[in-house]
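Grab a coffee and work through these short exercises on a sheet and its helices. Try each task yourself before reading the solution.

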Amino acid sequence: MTDDRFDAAMGQALEEARAAVAHGDVPVGAVLLDPEGRVVATTHNRCRADSDPTAHAEMLALRAGARAAGSERLDGHTLVVTLEPCAMCAMAAVWARVERIVYGAPDPKTGAAWTLYNIPQDARLNHRCDLIAGLRAGESAALLEAFFRERRG
């Protein structure tokens, strides 16, 4: 896959992030690409909408991808997400054996794919994911900043 493909997928993830705001969820979107670069899943945070603390965009995309693949293993897949994954989502990507995580904005409070921890590349684990950070980070950060500014407003 080329960076152009990741840019298009990040555009879809940003659209998904915008959809989360409609039901009061933090605007984070995710897209899962199969090894050939085809979109397998697009989703956004649904924690509030589903009353489920694990309904992060990444978790929902991985679940949909596993169902589509008929396996919990997502070898060769790429997870594209607007915000750096938290520890739960980063570890789920490792368990799923995702090849690569591409994310937009870093998360200084809970980021576990570089900022606070680097779970996807921890040599002590049985699998490591490649990381590409900062793709369209400004757009991702702007969505989050606007959401929280309005909530605190």
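**Exercise 1: a strand in the middle**

In this predicted model, work out why strand β4 (residues 100–105) counts as largely enclosed by the rest of the structure.

Solution. Start with the cut-off: a residue is buried when its relative accessible area is under 20%. Now go along the strand: 6 of the 6 residues of β4 are buried, so β4 is largely enclosed by the rest of the structure.

**Exercise 2: the neighbours of β4**

Find the strands that pair with β4, and trace the bridge partners of Ile101.

Solution. Take β3 (residues 78–83) to begin with: it runs parallel to β4, and 5 bridges join the two. Leu79 is the bridge partner of Ile101 here, while Val81 has Tyr103 as its partner in β4. Next comes β5 (residues 130–133), which is also parallel to β4, over 4 bridges. On that side, Ile101 is partnered by Leu131.

**Exercise 3: the whole sheet**

Put the strands in order and pick out the edges.

Solution. The order is β2-β1-β3-β4-β5, an open sheet of 5 strands with mixed pairing. At the edges sit β2 (39–44) and β5, each pairing on one side only. From one strand to the next, the twist averages 15°.

**Exercise 4: adding helices**

Place helices α3, α4 and α5 relative to the strands.

Solution. Helix α4 (residues 87–95) joins β3 and β4 in a right-handed β-α-β unit. Helix α5 (residues 137–152) lies across β3 and β4, at about 60° to β4. Helix α3 (residues 57–69) lies across β1 (29–33), β2 and β3, and runs at about 150° to β2.

Conventions:
Residues numbered from 1 in each chain as written. Predicted model: local features only at pLDDT ≥ 70, side-chain atom pairs only at ≥ 80, totals over all residues. Heavy atoms only, no water. Buried < 20%, exposed > 50% of the residue type's maximum accessible area, 1.4 Å probe, protein only. Pairing = 2+ DSSP bridges. Right-handed = clockwise from strand over helix to strand, strands pointing away. Axes fitted to C-alpha atoms, helices over the stretch in contact; angles between N-to-C directions. Contact = heavy atoms within 4.5 Å.
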